[in-house]
Amino acid sequence: MTAARIDEFVEAVGSAFADGSLVRLKLGGYHGTEPDLRSVEARKIVVKGEDRLSFTFHYKTRDIIKNHELGEAAAQLRAWLADAFRSAQLAATTFDLTFERNGDKIRLKRTEAVRDAVAASHDRAKVRPVAAGAKPWQAGLGLTDEQGNVRKDAQDKFRQINRMVEIFAPLIQALPDNPRIVDMGAGKGYLDFAIADWLQAQGRSAEIVGVELRPQLVSDGNRLAQSSGLIGLSFAPGSILDYDATGADAVIALHACDTATDDAIYKGILAGARLIAVAPCCHKQVRREMERGTAADTLSPLLRHGIFRERQAEMLTDTLRALLLERHGYKTRVFEFVSDAHTPKNNLIVAEKDTRAGKQADAQIADLKAMFGIGEHYLERLLAGTEANTALS
Ligand SMILES: C[S@@+](CC[C@H](N)C(=O)[O-])C[C@H]1O[C@@H](n2cnc3c(N)ncnc32)[C@H](O)[C@@H]1O
């Protein structure tokens, strides 16, 4: 009798799972041996195209999810209902079925209900803003193969540019219509192609210019932009400092070498760009200054080991960059844009124009320089004399 009642409940779960009417299954009254397990809930999901019952085990301080195909799930349910769980509720689109066990006595109660069916959620891969596909720019940059799949050796790059587009999407949305975006030290222009593709997919237009020293990369980039039909994307030859960024709404630079990042920030500030975003690369200039100068005695343990000196140089360089941006009227954030498992150069400085920012920056810059024995920060020298153009003038 007990087994028959359990079977009846499990079969009802199986039918609701099969015909798509299962909304939720909940198991309670746990008195088994697992410490801290409170209850279990289940719903239908699709894993790699196969239907599964997904169980969420609610523990006191955490949840654990396990997915089972229906046969396994039914066997598991039978065992649980016979022993570890005293109650269960099946919520379907047209009925509720409750199960209660007290010793050997089992009570099943069915009541009518009216609910919307829930679509089985998919465990499909995270939707990326820039999808891999048969796009000439992706193949042209060596990101994808002939079938439009991301190449094995381009996975990190593809993840990185998607992450960048995810970060930039809301920042670009906040810019005026048809924004002018300048990417300094564009290299092959991965980021520019990705942003142009994403904007085009949104039905938005923009002028995107990748500035690059190496002429071959510039002509390759321009050819690929044209053949890919990415309107508004172009590449300009020359150095960042020589480029006229007047009218730029956003100035960005991804891994522009050493002080090229400072050149990009400088041009952004000079242009009064609303958005300046840089992922710095190496930090040699401040490192050399640190070696030349004399840091405060209290810092000597921190600077004794080469690897920590390197990291201090990096933190100091980017802290000073952030402060200088604040000093020139930008609200600044620094964060990791991608895990350091993909690249160690994973910090992004995002600065948005905000005239309230930076009132205390001057004193902080002076204190830090004195503490680390820094004569000058290259960006500070560039910016000297630009006060007339900036918010704190
Ligand atoms: C490490 S690569 C990064 C390229 C690209 N931003 C990316 O992340 O894929 C740096 C690029 O910046 C360019 N570059 C370095 N200094 C520059 C400068 N002062 N003006 C223009 N381009 C510069 C280099 O030629 C190189 O292509």
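Me: Taking a polar contact as a pair of N or O atoms within 3.5 Å, what does glycine 185 touch on the ligand?
Reply: This is a predicted model, in which local features need pLDDT of at least 70, side-chain atom pairs count only at pLDDT 80 or more, and totals for chains, interfaces and linings use all residues. Numbering runs from 1 along each chain as its sequence is written, and side-chain values use heavy atoms, with hydrogens and water left out. A backbone N or O atom of glycine 185 sits 2.9 Å from a nitrogen atom of the ligand.

Me: And leucine 213, how far from a ligand nitrogen?
Reply: A backbone N or O atom of leucine 213 is 3.3 Å from a nitrogen atom of the ligand. For arginine 214, a side-chain N or O atom lies 2.8 Å from a ligand oxygen. The protein covers 80% of the 600 Å² of accessible area the ligand has on its own (Shrake-Rupley, 1.4 Å probe).

Me: How many residues surround the ligand?
Reply: There are 15 (a heavy atom within 4 Å), the closest being Gly185, Glu212, Arg214, Ile240 and Leu254. By class, the shell has 7 nonpolar, 5 polar (Gly counts here) and 3 charged residues.

Me: Which pocket does the ligand take up?
Reply: The ligand takes the space of the largest pocket (more than half of its atoms within 2 Å of the grid points). A pocket is an open set of points on a 1 Å grid over the protein atoms alone, where a 1.4 Å probe fits, with protein on both sides within 12 Å along at least five of seven lines; lining residues have an atom within 4 Å of a point.

Me: What lines the largest pocket, then?
Reply: The lining has 22 residues, with Gly185, Ala186, Gly187, Glu212 and Ala256 nearest the centre. The classes are 10 nonpolar, 6 polar and 6 charged.

Me: Switching topic, what lines the second largest pocket?
Reply: The lining includes Cys281, Cys282, His283, Glu310, Glu314 and Asp318. By class, the residues divide into 4 nonpolar, 3 polar and 4 charged.

Key: A polar contact is a pair of N or O atoms within 3.5 Å; within protein, one must be able to donate a hydrogen and the other to accept it, and residues adjacent in sequence count only if both atoms are side-chain atoms.
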